[in-house]
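Student: I would like to go through this model and see how each label is earned. Could we take the terms one at a time?

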Amino acid sequence: SFLVPHATTTHVDFDEYLFPESTAVYANIWQVMRDRGYWTHADEFIPDRFMTADGQFKRDERCIPFMLGKRYCIGQSLAQIQLFL
């Protein structure tokens, strides 16, 4: 899912960048999941930050290992089951 591009549907001006229609756009998941301005100890693997006190998955908008939207990873449910077993 890291390599699934999206594309602009129209001409887009973003900051000083200009993207013509049909430009491939890739999400930088690494930056989202390791943003030091958001996560405490961003470079450390700390599964507890995604779990409630009773061991359930705690949703966080920056926890997107399987991407988002209609093209998210089809193996997500299997991976989550294996993770919490």
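**Labels and their cut-offs**

Tutor: Arginine 36 is found in the loop between H1 and H2. Helices (H or I, at least four residues) and strands (E, at least two) are DSSP runs, numbered from the N terminus. This is a predicted model, in which local features need pLDDT of at least 70 and side-chain atom pairs count only at pLDDT 80 or more, while totals for chains, interfaces and linings use all residues. Residues are numbered from 1 along each chain as its sequence is written, and side-chain values use heavy atoms, with hydrogens and water left out.

Student: Why is arginine 36 called exposed?

Tutor: Exposed means over 50% relative accessible area, buried means under 20%, and partly exposed is in between (1.4 Å probe, protein chains only). Arginine 36 has 64%, so the residue is exposed.

Student: What makes arginine 34 partly exposed?

Tutor: Its relative accessible area is 30%, so arginine 34 falls between the two limits and is partly exposed. The residue sits in the loop between helix H1 (29-33) and H2.

Student: Which residues do these two arginines touch?

Tutor: Contact means heavy atoms within 4.5 Å. Not counting residues up to four places away in sequence, arginine 34 touches Trp39, Ala42 and Asp43. With neighbours within four places left aside, arginine 36 is in contact with Ala42 and Asp43.

Student: How far is arginine 34 from cysteine 63, in sequence and in space?

Tutor: They are 29 residues apart in sequence, and their C-alpha atoms are 9.7 Å apart.

Student: Why is phenylalanine 84 called partly exposed?

Tutor: Its value is 37%, so phenylalanine 84 is partly exposed by the limits given. Phenylalanine 84 lies in helix H2.

Student: What makes the nonpolar surface patch?

Tutor: Phe57, Leu83 and Phe84 make a patch of about 290 Å². Patches are made of residues with over 30% relative accessible area and no salt bridge (a side-chain nitrogen of Lys or Arg within 4 Å of a carboxyl oxygen of Asp or Glu). Like charges are joined within 9 Å, and nonpolar side chains (Val, Leu, Ile, Met, Phe, Trp, Tyr) within 5 Å. Accessible areas come from the Shrake-Rupley method with a 1.4 Å probe; for residues, only the protein chains shown count as cover.

Student: Which elements have the lowest and the highest mean pLDDT?

Tutor: pLDDT is the predictor's confidence in each residue, from 0 to 100. Among the elements of the protein chain, helix H2 (residues 76-84) has the lowest mean, 76, and strand E3 (residues 17-19) the highest, 95.
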